[in-house]
Amino acid sequence: MIPILDLKKQIAPIRGEIDAAIKKVIDNTSFVLGEDVALFEKDLSDYSGAKSAVGVANGTDAIKLALVASGIKAGDGVICPTFTYYATAGAIASCGARPVFADIEPDTFNISCESIEKALKDKDKLKIKAVIPVHLYGQCADMDNIMSIAKKHGLIVIEDNAQSFGADYKGKKAGTIGDCGTLSFFPGKNLGAFGDAGGVLTNSNKIDENLRILRNQGNKDKYLHLVLGFNNRLDSLQAAVLRVKLKYLDGWNKKRQENAGYYNQQFKGLDLKVPYVPEFTTHIYHHYVLRLNGPSQGLIKHLNDRGIDSRVYYPVPLHLQECFKYLGYKNGDFPESEKAAGETLSIPVYPDLTKEELDYIAQTIKEFLK
Ligand SMILES: Cc1ncc(COP(=O)(O)O)c(C=O)c1O
């Protein structure tokens, strides 16, 4: 079976370096918010160009902390796409705020500015204070237009950059354009830890200060709790692993781009759409997502029967999920998201795929579409 991702292949060549980094943390026993967390934060801000980077427990807490640190309160409305992973909206709800869903652009699968404007018709009624564009699959949403809508309406902008860390938007790193950019280092991400881990990027000193207090139980000084905070700290073992892996991220992303380029060539003239990349962004192919002219189930089965794993990210848009029923949305509210959920599929694109594997995947898809 060719899996959707093979972490064993990724880790093997750097195993010695990682073992040494882990040993160092064990030897100095500073396990939570230790030296490695501070060093990793410095590496993150150097890499991204953000003034500050704050290590946190995972990408979901990163969004929640970014919202609270930017002043979002229980009862506020926060716009986000309905076609994203649960965590984007789950994090909004977890701080007592209300997810306000928007549709996507059918070509990039990223949030549609027209749909954001539509949601803002209820700005006062829903107390909308923020928008979370998600840089889905590995490329950036239309940030210039999102920032100008946000400016016009006085909205906070949190970039959910769980899937696109390393991508560029007009020469800037994804996650450094809005008030905050949130990162997930879930093991399957392009930069993945050996467990849960996350981060928040910001250029604001005030938000940086708030984040550091909020992630650590509302502590400014030990046992003096300024605000109601959380236990959302990053641990040093994860930071040590991530410090090693960050050095390889650009090389891995380049391999993903080469693999995507190869697929794009192979799929020319077939009855499907390869990923569309607008000129304002680069794509780091966290997922390589094909768009079919109809349901994806047949191709998924064809691939699976021939030993190739493929996935649908995400089969049910959030406005149709049971847990968000209380928001009152219904089928038909966001047609582009509903359609994309049924017609997309993601095929293996990870850096360690061999030429033979890439060929086999491409040939198997061509055979199905003939
Ligand atoms: C778009 C998006 N947002 C948020 C998250 C949440 O990250 P984590 O799993 O680290 O909590 C993920 C991770 O899967 C994601 O893909």
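Q: Which residues are linked with Glu41 in a network of salt bridges?
A: In this predicted model, a salt bridge needs a side-chain nitrogen of Lys or Arg within 4 Å of a carboxyl oxygen of Asp or Glu. By this rule the count comes to 24 salt bridges. The network that includes Glu41 also holds Asp208, Arg212 and Arg215.

Q: How many residues apart are Glu209 and Lys206 in helix α8?
A: The side chains of Glu209 and Lys206 form a salt bridge, at 3.6 Å from N to O. Glu209 is partly exposed, with a relative accessible area of 30%, while Lys206 is exposed at 52%. Both belong to helix α8 (residues 205-215), and they are separated by about one helical turn because they are 3 residues apart.

Q: Which helix holds both Lys254 and Glu258?
A: Lys254 and Glu258 meet through their side chains in a salt bridge of 3.3 Å, N to O. Lys254 counts as exposed at 51% relative accessibility, and Glu258 as partly exposed at 41%. The two lie 4 residues apart, about one turn, in helix α9 (residues 236-266).

Q: Is Asp309, the salt-bridge partner of Arg311, buried or exposed?
A: The closest N and O atoms of Asp309 and Arg311 are 2.7 Å apart, and the pair forms a salt bridge. Arg311 has 35% relative accessibility and counts as partly exposed. The cut-off for buried is under 20%; at 15% relative accessibility, Asp309 is therefore buried.

Q: What is the order of the strands in the open sheet of 7 strands?
A: The pairing in this sheet is mixed. Its edge strands are β1 (52-56) and β3 (98-102), each of which pairs on one side only. The twist from one strand to the next averages 25 degrees. The order of the strands is β1-β9-β8-β5-β4-β2-β3.

Q: Which residue in β5 is the bridge partner of Val131?
A: Strand β4 (residues 128-131) pairs with strand β5 (residues 156-160). The pairing is in the parallel sense, over 2 bridges. Across this pairing, the partner of Val131 is Val157.

Q: What angle does the direction of helix α4 make with that of β8?
A: Helix α4 (residues 59-69) packs on the sheet and touches β1, β2 (77-81), β5, β8 (180-184) and β9 (198-202). Its direction and that of β8 make an angle of about 165 degrees.

Q: Which strands does helix α7 touch?
A: Helix α7 (residues 143-153) packs on the sheet. The direction of helix α7 makes about 150 degrees with that of β5. The strands touched by helix α7 are β4 and β5.

Q: Why is the sulfur of Cys95 not bonded to that of Cys80?
A: A disulfide is a covalent bond between the sulfur atoms of two cysteines. The structure holds 0 disulfides. Cys95 is buried, with a relative accessible area of 14%. Its closest cysteine sulfur is in Cys80, which is too far for a bond because the distance is 12 Å.

Q: What is the distance from the sulfur of Cys323 to the closest cysteine sulfur?
A: Cys323 counts as partly exposed, at 41% relative accessibility. The closest cysteine sulfur to that of Cys323 is in Cys80, too far for a bond, at 11 Å.

Q: Which residues does Thr364 touch, not counting those up to four places away in sequence?
A: Thr364 is placed in helix α12 (residues 355-369). With 2% relative accessibility, Thr364 counts as buried. Beyond its sequence neighbours up to four places away, Thr364 touches His302, Leu303, Arg306 and Ile308.

Technical notes. Residues numbered from 1 in each chain as written. Predicted model: local features only at pLDDT ≥ 70, side-chain atom pairs only at ≥ 80, totals over all residues. Heavy atoms only, no water. Buried < 20%, exposed > 50% of the residue type's maximum accessible area, 1.4 Å probe, protein only. Contact = heavy atoms within 4.5 Å. Pairing = 2+ DSSP bridges. Axes fitted to C-alpha atoms, helices over the stretch in contact; angles between N-to-C directions. Disulfide = S-S within 2.5 Å.
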